[in-house]
Amino acid sequence: MAVTKILLFYQFTPLADPQAVRLWQRDLCELLGLRGRILISKDGINGTVGGELPAVKAYRRKTLQYAPFAGMDVKWSEGSGLDGDGRSLDFPRLSVKVRDEIVSFGAPGELTVDGGGVVGGGTPLSPDAVHALIEDRGDDVVFFDGRNAFEAEIGRFRNAVVPDAATTRDLVGELDSGRYDHLKDRPVVTYCTGGVRCEVLSSLMVARGFQEVYQIDGGIVRYGERFGNDGLWEGSLYVFDGRESMDLGPDAAVIGTCAACGAASSRMTNCADDACRRRVVECEECAVARERITCGPHPHAAGSSSQA
Ligand SMILES: [Zn+2]
Ligand SMILES: [Zn+2]
C-alpha cells in the first residue's frame, strides 16, 4: 500500500496578492494530486494537505521556495492511504480559498502581521521550555486551551482551562466576558493543534491585559513529537481530517466519556442536531446501536431530548 503523509502548516506573513497565491497553490496541489484545505489571506497561509510521500515532499519544497513562506514550519504525520482514484483518504477534496482571516476569530481588524509574523503575540516556547517554565513557576502556570471545547473532551493538557467555545469565533467573547480575568497576572501557556490558533489568541490576550502570555511553538503536534504521552498531555489529539483523532504515542490515556452511556472513549461524532457544529464523544457500542446524541441541553434542538 502506498505511503501517504499529511502536512500541517501555517505562516503569518504579509501577502500583497492573496488571489495569485491561491491560484498558484491550487494548481500546485492539483498537479501533485493532493487533497486538503488551504486558507490564504493578506496575512498569510494556513493549511493541511495529504497525498503520496513524493508528492507531499514536492509540495513542501515548492511552497517553501516562495520567499514569504521560506521559514515555514511544516509538521508531518501519517496518512491513512489512497482511495481508488489515487487520492488521500483523509480528505474528501481539495479546497483552496481566500478569506479575511486564515483562522476565523471574526476579528480581522485586531490582527497586525509583519515580516516577522504576528505583532504583539505571546512568547513562543519550545516543548522543553514549557517544562522548564513549570519547573520554575510551578502551579502558578496555567494551560489555556485555544481550541473548540469539544476537542478538549478527548485530550488536553493537565489541569488546562478550557473556554466554552463551540467555534474559534467564540473565543473573543469568552475573553471579553471577564471569566478569565483572574488569570491576567499569571503565566498563561496557550496551546492548540499546530500553533496557528494560538498565534491569534495570544495576541488577543496580550491586547486585553494578560501580562504573561506564552504559546507552545508548533502546538500539541510538536509537543507530542518531543514528549509523546510521557509529559503533561493527557488523552488523544482531535484532528480536522478523516483520521478524526491521533495519539501522541503508544498507550494514550482515554479521558473522554461517551455522552450516551458514560463509557470511556476517544471516539467522536457529530451532534445529532444538524444545525449544531459541535461534536460529541460517542463510544463504539452506542454508535452501533445508533444512539441519537446531542452535545448537551440544546439551544438549537428545542423539544428534542438531550442525553448528555
Ligand atoms: Zn456509549
Ligand atoms: Zn449540539
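## Surface and overall form

Accessible areas are obtained here by the Shrake-Rupley method with a 1.4 Å probe. On that basis, the protein, which is a predicted model, exposes about 14100 Å². Carbon and sulfur atoms supply 47% of this exposed area. Buried residues account for 51% of the 308 residues.

The protein contains 8 helices and 17 strands. Its radius of gyration is 20 Å, close to the 19 Å that the globule rule gives for 308 residues, so the protein is as compact as a globular protein of that length. Taken along the principal axes, the box filled by the C-alpha atoms is roughly 50 × 50 × 40 Å. Of the contacts between residues at least 6 apart in sequence, 66% join residues at least 24 apart. The protein carries 34 positive and 44 negative charges, and the mean positions of the two sets are 5 Å apart.

## Helix 2

Helix 2 comprises residues 53-65. At 1.5 Å a residue, its 13 residues should span 18 Å, and the end C-alpha atoms are 19 Å apart, which agrees.

The buried residues in helix 2 include Ala55, Val56 and Ala58, together with Tyr59, Thr63 and Leu64. Their cover includes two elements that precede strand 2 in the numbering, strand 1 (4-12) and helix 1 (18-32). Strand 2 (35-41), strand 3 (44-52) and strand 4 (73-78) are also among the elements that cover these residues.

## Helix 6

Helix 6 covers residues 196-207 and has 12 residues. From its first C-alpha to its last it reaches 18 Å, close to the 16 Å expected at 1.5 Å a residue. Of the 12 residues, 10 are buried, so helix 6 is largely enclosed by the rest of the structure.

The buried set in helix 6 contains the charged residues Arg197 and Glu199. The other buried residues of the helix are Val196, Cys198, Val200, Leu201, Ser202, Ser203, Leu204 and Met205. Just after helix 6, Gly209 adopts a positive phi of about 95°.

## Buried aromatic residues

Trp233 belongs to strand 13 (residues 233-235). Its relative accessibility is 3%, so Trp233 counts as buried. Residues up to four places away in sequence not being counted, Trp233 touches Arg147, Gly155, Arg156, Phe157, Tyr191, Ile220, Tyr223 and Leu248. Leu32 is 201 residues from Trp233 in sequence, and the two C-alpha atoms are 35 Å apart in space.

Phe150 is placed in helix 4 (residues 149-152). With a relative accessibility of 5%, Phe150 counts as buried. Neighbours within four places in sequence aside, Phe150 is in contact with Ala166, Tyr238, Phe240 and Met268, and also with Arg277, Arg278 and Arg279. Phe150 and Val281 are 131 residues apart in sequence, while their C-alpha atoms are 8.3 Å apart.

## Acidic residues in loops

Glu282 occupies the loop between strand 17 (279-281) and helix 8 (284-288). Its relative accessibility is 6%, and Glu282 therefore counts as buried. Apart from neighbours within four places in sequence, the contacts of Glu282 are Cys258, Ser265, Arg267, Thr269, Ala287, Glu291 and Ile293.

Asp83 lies in the loop between strand 4 and strand 5 (94-98). At 22% relative accessibility, Asp83 counts as partly exposed, because the cut-off for a buried residue is under 20%. With neighbours within four places in sequence left aside, Asp83 is in contact with Arg35 and Leu89. Asp83 and Gln25 are 58 residues apart in sequence, and their C-alpha atoms are 22 Å apart.

## Positive phi outside glycine

Most residues other than glycine have a negative phi. Asn159 is not a glycine, yet has a positive phi of about 60°. Asn159 is found in the loop between strand 10 (155-157) and helix 5 (170-176). Its relative accessible area is 73%, and Asn159 is exposed.

Asp251 likewise is not a glycine and has a positive phi of about 60°. The loop that holds Asp251 runs between strand 15 (245-246) and strand 16 (268-270). At 76% relative accessibility, Asp251 counts as exposed.

Key: Residues are numbered from 1 along each chain as its sequence is written. Chains are lettered from A and ligands numbered from 1 in the order in which they are written. This is a predicted model: local features need pLDDT of at least 70, side-chain atom pairs count only at pLDDT 80 or more; totals for chains, interfaces and linings use all residues. Side-chain values use heavy atoms; hydrogens and water are left out. Helices (H or I, at least four residues) and strands (E, at least two) are DSSP runs, numbered from the N terminus. The radius of gyration is taken over C-alpha atoms; the globule rule is 2.2 Å times the number of residues to the power 0.38. Buried means under 20% relative accessible area, exposed over 50%, partly exposed in between (1.4 Å probe, protein chains only). Contact means heavy atoms within 4.5 Å. The place of a charge is taken as NZ of Lys, CZ of Arg, CG of Asp or CD of Glu. The expected span of a helix is 1.5 Å times one less than its number of residues.
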